[in-house]
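Biologist: Hey, can you walk me through this one before I head back to the bench?

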Amino acid sequence: MAIQRKSGFKISIGILVILVVTIFLMQWKAKHMITDFLDQKIPAHLNLTYSDFDVNILMGNIGFSDVVITIANRESVQTHTLLKLDRLQLSGLDYGQLVFNNTIALNAMVLAKPELSYYPYKYIPTKKPNSKGVVNLLKAISVKQLDIQDGSLHIMQDAVDSIQVSIATYNFTLYGGKTDPKL
């Protein structure tokens, strides 16, 4: 009896160690896959920087800190849009939707303290008549809840010191947002 208990205990410990190592390796692999995706799939006219990001594969969460996104004209290097975020949090990634329906389905996306500055006088439309939007999506994206917390918006008119619209602080929640490559 004592031998069976000892072997059952050893087997349980072995399974637990294998499970912990597997989760650690999956976390590491997910982090590298996200880094590779961001390095390779973001178009040249978009620039994304962040100080750090974390991944929790068990909960389906991805978080980025100190995010800066700049959007330039496709045919020049002149930046017309700047977005700064304290934190971008993606929560509740549905792995089933990702694998079986080719859809990125999230429970929530939180943008903490986004500062959006848009300079329309710097925007130059592309000369290609069949040009697509800012980003060509590879997958459909659905978000149950999009939260913008303590955001600010500044749209300039004709020069750096000419403000067309300015919102110092706002909060915004959208329920049930969806987009796909066709939209």
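Modeller: Sure, we'll go from the overall fold to a few single residues.

Modeller: Up front, this is a predicted model, where local features need pLDDT of at least 70, side-chain atom pairs count only at pLDDT 80 or more, and totals for chains, interfaces and linings use all residues. Residues are numbered from 1 along each chain as its sequence is written, and side-chain values use heavy atoms, with hydrogens and water left out.

Biologist: Fine. How many helices and strands does the protein chain have?

Modeller: The protein chain has 2 helices and 8 strands. Those are DSSP runs numbered from the N terminus, with helices being H or I of at least four residues and strands E of at least two. Reading from the N terminus, the order is α-β-β-β-β-α-β-β-β-β. The radius of gyration is 22 Å, well over the 16 Å that the globule rule gives for 183 residues, so the protein chain is more spread out than a compact globule. That radius is taken over C-alpha atoms, and the rule is 2.2 Å times the number of residues to the power 0.38.

Biologist: What box do the C-alpha atoms fill?

Modeller: Roughly 85 × 35 × 30 Å, along the principal axes.

Biologist: And how much of the protein chain is buried?

Modeller: Buried residues are 26% of the 183. Buried is under 20% relative accessible area, exposed is over 50%, and partly exposed is in between (1.4 Å probe, protein chains only). The accessible surface is about 12,700 Å², and 62% of that belongs to carbon and sulfur atoms. Those areas come from the Shrake-Rupley method with a 1.4 Å probe, and for residues only the protein chains shown count as cover.

Biologist: What about contacts between residues at least 6 apart in sequence?

Modeller: Of those in the protein chain, 60% join residues at least 24 apart. Contact here is heavy atoms within 4.5 Å.

Biologist: Okay, new topic. Where does Thr70 sit, and what is it in contact with?

Modeller: Thr70 is in strand S3, and with a relative accessible area of 18% it is buried. Skipping neighbours within four places in sequence, its contacts are His45, Leu46, Asn47, Thr79, Thr81 and Leu82. Its C-alpha atom is 60 Å from that of Lys6, and the two are 64 residues apart along the chain.

Biologist: Ser117 next. Buried or exposed?

Modeller: Ser117 is buried, at 14% relative accessibility. Ser117 belongs to strand S6, residues 115–118. Beyond residues up to four places away in sequence, Ser117 touches His80, Thr81, Leu82 and His154.

Biologist: And Asp66, what's its phi?

Modeller: Phi of Asp66 is near 50 degrees, positive in a residue other than glycine. Most residues other than glycine have a negative phi. Asp66 is in strand S3, which spans residues 61–72, and counts as partly exposed at 46% relative accessibility.

Biologist: Which loop is Asn102 in, and what's its phi?

Modeller: Asn102 is in the loop between helix H2 (95–101) and S5. Its phi is positive too, about 55 degrees, although it is not a glycine. Asn102 is partly exposed, with 39% relative accessible area.

Biologist: What about Thr103? Which residues is it in contact with?

Modeller: Thr103 is in strand S5, residues 103–112, and is buried at 14% relative accessibility. Not counting neighbours within four places in sequence, Thr103 is in contact with Gln97, Leu98, Ala140 and Ser142. A polar atom of the Thr103 side chain also lies 3.0 Å from the backbone oxygen of Asn101. For a polar contact I want a pair of N or O atoms within 3.5 Å; within protein, one must be able to donate a hydrogen and the other to accept it, and residues adjacent in sequence count only if both atoms are side-chain atoms.

Biologist: Which backbone atom does the side chain of Asp94 lie 3.1 Å from?

Modeller: The backbone nitrogen of Gly96, paired with a polar atom of the Asp94 side chain. Asp94 is in the loop between strand S4 (79–91) and H2, and is partly exposed at 34% relative accessible area.

Biologist: Last one. Asp39, buried or exposed?

Modeller: Asp39 is exposed, with a relative accessible area of 58%. You'll find Asp39 in helix H1, residues 2–41.
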